[in-house]
Amino acid sequence: MEHLPVEVIGNILSRLKAARDVVIASATCKKWREAWRNHLHTLSFNSDDWSVYHDLTTSRLEILITQTIFQTTSLQCLSILMDDVDEFSAAPVIAWLMYTRDTLRQLHYNVRTTPIVNIIEKCSRQKLEVLALAYNSVTGVEPSYEKFPCLKSLSLSYVSISAWDLSLLLTACPKLQNLALINPDIAMSDAQATMELNSPSLKDIYVEAVSLDKFILEADSIENLHLKDCTLELFELIGKGSLRVLKIDDVSVLHLDIGDNTENLQIVDVSSFTIMWPKFYNMISKSSNLKRLRLWGVVFDDEDGVVDLETVSSCFPQLSHLSLSYDLKDVCGLQGSSHLENVVVLELGWTIISELFSDWVAGFLERCPNLKKLVIFGVVSEAKSHEECRVLASFTSSIVWLMRKYLHVEVQFDYE
């Protein structure tokens, strides 16, 4: 061990991450203390790492973090995630940011400050590549001054910010690739009814718990779009056909538009969502490279909502992974003779089981001649009536009999 280069020891200490573990390990010998001071690049203060954090007063915790950080000289990744702390004083927070700003590449921070610290301003014009900010406020963004020339990933959770400042912030990040907005408090001005975001470099966006009238995203390079638990009147994506993954989970939106250029879509995952199938189908019908299609807990808002397997087979010839819930039994037609030749994984499930579920499964097995894996998802209530037990037993018997015809197919059951 004594022959290890001090830089390697610095990498070993950095892999520990948790500040308490790093401090203890650095006491091994003089060489390890040197590595701690000059070659440590990752340090984390997380309330889940050490129970003693919960017993310390806020001022004592501030002193502990300050003393620890100030013993290092080359931190690149700093994480301060203290869920039990209501707020830090502004002075120590500013000291941490100013001390590390020349070397810092990643910052994860989730504690409020009093008075409010403009963390965006403190971190700008440096080499920061990842910024994950929670429970703070962002105001008065000046893109001409507060630039993030190297920032690739930005996460804002429970952050107060105006739609205008958010737009300006993205303008200040010319290399941004990943954006996460989780339950932000977005302020809209009286003259601004629409939140418009523009990022030519953005590839991945995750939006959770956002309520807006109109949300327009212009992103020429977008590849992954994930909306979750959102309430929107209108969502419009303006791009150049680079979208590959579309996920919509428990979203209420009256008008959804992802553009006409959907040729590169490979994954469509829709759950707990009310849609007009003809309109939604028209959006994705050109996705001839689609490999995964998941419709789970979907409600169709029109009488013409029929997921026809004939159409699915012809429009998505590369489909290899198909997931459907039994809620769709009345709108997922098994008519016709087309087969899903490339489907190798089939996921089927129910929320309320019925006698016809096993017949539904059998119909799909006949349509997937090259199937390798079948996964059955089900919801089983704690208080089961005699009838529910009988139906479940009947289904089990039917599946056992059915799978004797498909011995090459792996079967899994996932009940909740």
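How far apart are the mean positions of the 36 positive and 55 negative charges of the protein? Let us warm up with that one, then work through some exercises on this predicted model.

**Exercise 1. Describe the charges and the overall build.**

Solution. Start with the opening question: the two mean positions, one for the 36 positive charges and one for the 55 negative charges, lie 11 Å apart. Next, take the extent of the C-alpha trace, which is about 70 × 55 × 45 Å along the principal axes. Then count the secondary structure: the protein has 11 helices and 26 strands. Finally, turn to the surface, where about 20100 Å² is exposed and carbon and sulfur atoms supply 50% of that area.

**Exercise 2. Find what share of the residues is buried, and what share of the contacts is long in sequence.**

Solution. For burial, the protein has 416 residues, and 47% of them are buried. For contacts, consider those with a separation of 6 or more: residues 24 or more positions apart account for 59% of them.

**Exercise 3. Locate the largest cavity and connect its lining to the helix α5.**

Solution. Begin by counting: the structure holds two cavities of 30 Å³ or more. The largest cavity contains about 50 Å³ of space. Now list its lining, which consists of Leu97, Thr100, Arg101, Leu104, Lys122, Cys123, Gln126 and Leu128. Map these residues onto elements: α5 (90-100) and α6 (119-123) each give at least two residues to the lining.

Continue with α5 itself. Its buried residues are Ala90, Pro92, Val93, Trp96, Leu97 and Thr100. These buried residues pack against α4 (58-69), β2 (77-81), β3 (87-89), β4 (106-109), β5 (112-114) and α6. Leu97 and Thr100 thus appear in both lists, as buried residues of α5 and as part of the cavity lining.

**Exercise 4. Characterise the largest pocket.**

Solution. First comes the volume, about 220 Å³ for the largest pocket. Of the 11 residues lining this pocket, Val253, Leu254, Thr274, Ile275 and Met276 are the closest to its centre. To finish, assign the lining to elements: β18 (252-257), β19 (267-275) and α8 (277-284) each supply at least two residues.

**Exercise 5. Inspect the backbone for a cis peptide bond and for positive phi angles outside glycine.**

Solution. Take omega first: the bond joining Thr114 and Pro115 is cis, with omega about -10 degrees. Pro115 sits in the loop between β5 and α6.

Now phi. Lys17 is not a glycine, yet its phi is positive, at about 65 degrees. This lysine belongs to the loop between α1 (6-16) and α2 (19-26). Asn183 is also not a glycine and has a positive phi, here about 45 degrees. Its place is the loop between β10 (178-182) and β11 (185-187).

**Exercise 6. Are Lys17, Asn183 and Thr58 buried, partly exposed or exposed?**

Solution. The cut-offs you need are under 20% relative accessible area for buried and over 50% for exposed, with partly exposed in between. Lys17 is partly exposed because its relative accessibility is 48%. Asn183 has 32%, so it is partly exposed. Thr58, at 33%, is therefore partly exposed as well.

**Exercise 7. Which residues does Thr58 touch, not counting residues up to four places away in sequence?**

Solution. Place the residue first: Thr58 is in helix α4. With the sequence neighbours set aside, Thr58 touches Val85, Glu87 and Phe88. As a distance check, the C-alpha atoms of Thr58 and Asp86 are 8.5 Å apart, while the two residues are 28 residues apart along the chain.

Notes
Residues numbered from 1 in each chain as written. Predicted model: local features only at pLDDT ≥ 70, side-chain atom pairs only at ≥ 80, totals over all residues. Heavy atoms only, no water. Helix = DSSP H or I, 4+ residues; strand = E, 2+ residues; numbered from the N terminus. Buried < 20%, exposed > 50% of the residue type's maximum accessible area, 1.4 Å probe, protein only. Contact = heavy atoms within 4.5 Å. Areas by Shrake-Rupley, 256 points an atom, 1.4 Å probe, with all protein chains shown as cover. Lys, Arg positive; Asp, Glu negative; His and termini not counted. Charge placed at Lys NZ, Arg CZ, Asp CG, Glu CD. 1 Å grid on protein atoms, 1.4 Å probe; cavity = no way out; pocket = protein on both sides within 12 Å on 5 of 7 lines; lining within 4 Å. Points joined across faces, edges and corners; volume = space filled by probe spheres on them.
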